Each structure stands twice: as structure tokens, then as C-alpha cells.
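Visitor: I would like to go through this model term by term. Please back each label with its cut-off.
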Amino acid sequence: MNQRFPSNYYRIIGSAILLAAGGCAKPMLSLSDVVVVNGGQTAIDALTEHSSPLGDVDQLTGVDVEFFAGDQTLGRARTDRAGWARWSCHLPDGAAAVRARALVDGQTVEAEGGVFAWDPNRTIIVCDIDETVSVTNYSTLLAKGEDDRGSQPLPGAAKVMTELSKRFNVIYITGRPRFLLDKSRRWLRTHGFPAAPVVTAPTLKEAIRVQKFKGGQIADLRCLSSNLLIGIGNARTDSEAYAAHGLLTLIIDEEDTNRFRSHAIVVRDWDMISGFFEANRAVLEDPARLSSIIESEGMLFRPVRRYIP
């Protein structure tokens, strides 16, 4: 039986951080992945904090952050009260990654983020991580060390996501706190998932209020592109956050233990996800048609699930 997503997951994270931190405050810098549409100007966001993200007190204010693409210096910005520094610019042609560097508490800290060029004509899929693509082992996810060796991908998830990434723009939005960003990126890469932006909650407070956090991120992305129209997840918080912002909602409920509102298309596994996309390929790949169907409560093919007592 798959390990289920515990209802007190974020309280577990909070306790684990408190125990592991032991009062130690190590300076850290993290850099968001960057999305470029039509070669336009893009914003690069860096967050400076201490190693135990226990709230706003750990965010570092007034730190100068330098931004780079390859050997080219892009600019410099100072962190605000929440610890964020933003630099907006046109990236050099062919840039595959961006970097940031800062001096914090006398230590130089660096971070890197990916650059993803989105086709403006493609539908965008947002996908959750825990219990959606990952059978998450929370002990190894939270343990010290660079890699999460205990979590395993759901059967078929990497293959289906890779196929979808050839026809859709993809982004992962997870309620995991920010300190797990690089660990999450490495896990996805190790298990063969397609390269795509990864968005995490900046602080534990936002991670706990995961539905509000995900809804806010989706709203921001909809400002970048109205083609964000499909959401894949496993939890009620995913279902509500997606639908509240006009997304076609696909929910993986393998053991049929949850109940979701009628807006959600509930499937058992990634094979059903694949079948759904193939059956509705012409519509799902056309943002205008899909948007019209969502607005008018139109018809799509959907899989039939067998009854399991």
C-alpha cells in the first residue's frame, strides 16, 4: 500500500526542522527557476534566509544579491523585508541557467535556477509532487543530506509526464517549503521526470496554508499566460486551488479513499491520465478550445473506474 499524505504533514516538517536546526542559523540563498515567453523580459527571484525556515524572522533583509547568466553579469538587487531580491531583464540568447551570489554573515553563498522557454501557443499543465508523482518517504525527504533516496515515483508518472512535456508546457508547484527546493529538483531529475520549473512555498507558514499558496501561484502564472488550464494533483487542496482559478482538474486517487467535488476528474493512476490525454488530445492541446469547454461546462471523454468494494 502506498504511503498516504499525512494530514499533519506540515506540522511534522516544522517539528523536524526545529529538532534538526538546534538553534543553528546557517545562511542560505535559493534561486527560482525562470520562465521565458517569446524572448520577453523575465523576473529572476532570489531568497536569502537562514537554514531553519521558521517564519519571517529567518528572512534576511538588506542583502545585496548579484545575478548572472553564464559569465555575464545581469545586475544587482537588495533583499526586501521578506528576504526577496528581484532582477528583471532580457536573458542572453541560449541561456540555460541563471545564478545568484550574495555575501551573508561574512560567507559567500550561491544558487542556481533553470531557464525554461515556453511555447506561447501551448497549454500549460501544473502538477503537484507528493503522492501525485512521488510516493514520498517523509523521513528521507526531511533527513539531512543532498538526496532523497527513500521516495519513489508513482508507476508510469515519469513516462507520462515526459510524453506530455513534448506537447504541453509543464510546471511543478508543491507545498514543500523552500529549503527542499534543490532536493526536489534533484529527485525529479534522478527519476527521469521532464525538466520544468519547480515552485515551492517560501516559508513554513505558506506551506501549511497550501491551498492559498498554490492558488496565489496559479493566479500569478495566469497573468504570465492565460494558457495555464490543466492541474494534476491528489489532494482536496489541489482540487480546490486548481478549480478556483479555472483549471481543468485531474485528481489521482489510487485507493478510492477520498471524495472530491464534481468539478474534478478522478482517475486511479498514471495510465488513466495518459488515456485521458490521448482521448481528448485535440481539445487539450488547443488552449482556446479547452478554455471554451471549461467556461461552458462542455464535454470531454473521461475514463470509467471499476467499482472496488
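Guide: We start with a cut-off: a polar contact is a pair of N or O atoms within 3.5 Å, where one must be able to donate a hydrogen and the other to accept it. Keep in mind that the model is predicted.

Visitor: What makes the approach of Asp 33 to Val 198 a polar contact?
Guide: The side chain of Asp 33 reaches the backbone nitrogen of Val 198 at 2.9 Å. The limit is 3.5 Å, so the pair counts. A polar atom of that side chain also lies 2.7 Å from the backbone nitrogen of Gly 114.

Visitor: Why is Asp 33 called buried?
Guide: Its relative accessibility is 15%. Buried means under 20%, so Asp 33 qualifies. Asp 33 is found in the loop between β1 (27–31) and β2 (34–37). Beyond residues up to four places away in sequence, Asp 33 touches several others, including Phe 116, Arg 185 and Pro 197.

Visitor: What makes β13 and β16 edge strands?
Guide: Each pairs on one side only. The open sheet has six strands, in the order β13-β12-β9-β14-β15-β16, with parallel pairing. The twist averages 20° from one strand to the next.

Visitor: How do you know that β9 and β14 pair?
Guide: Pairing takes at least two bridges. Four bridges join β9 (residues 124–127) to β14 (residues 228–233), so they pair. Ile 124 stands opposite Leu 228 in β14. Helix α8 (residues 270–279) packs on the sheet, touching β9 and β14 among others.

Visitor: Which residues have the most contacts inside the largest nonpolar core?
Guide: Ile 230, Trp 270 and Phe 277, in a core of 38 residues. Among the contacts of Phe 277 are Ile 125, Leu 164 and Ile 230.

Note on methods. Residues are numbered from 1 along each chain as its sequence is written. This is a predicted model: local features need pLDDT of at least 70, side-chain atom pairs count only at pLDDT 80 or more; totals for chains, interfaces and linings use all residues. Side-chain values use heavy atoms; hydrogens and water are left out. A nonpolar core is a set of buried Ala, Val, Leu, Ile, Met, Phe, Trp, Tyr and Cys residues joined through side-chain atoms within 4.5 Å. Buried means under 20% relative accessible area, exposed over 50%, partly exposed in between (1.4 Å probe, protein chains only). Contact means heavy atoms within 4.5 Å. Helices (H or I, at least four residues) and strands (E, at least two) are DSSP runs, numbered from the N terminus. Axes are lines fitted to C-alpha atoms, for helices over the stretch in contact, and angles run from 0 to 180 degrees between N-to-C directions.
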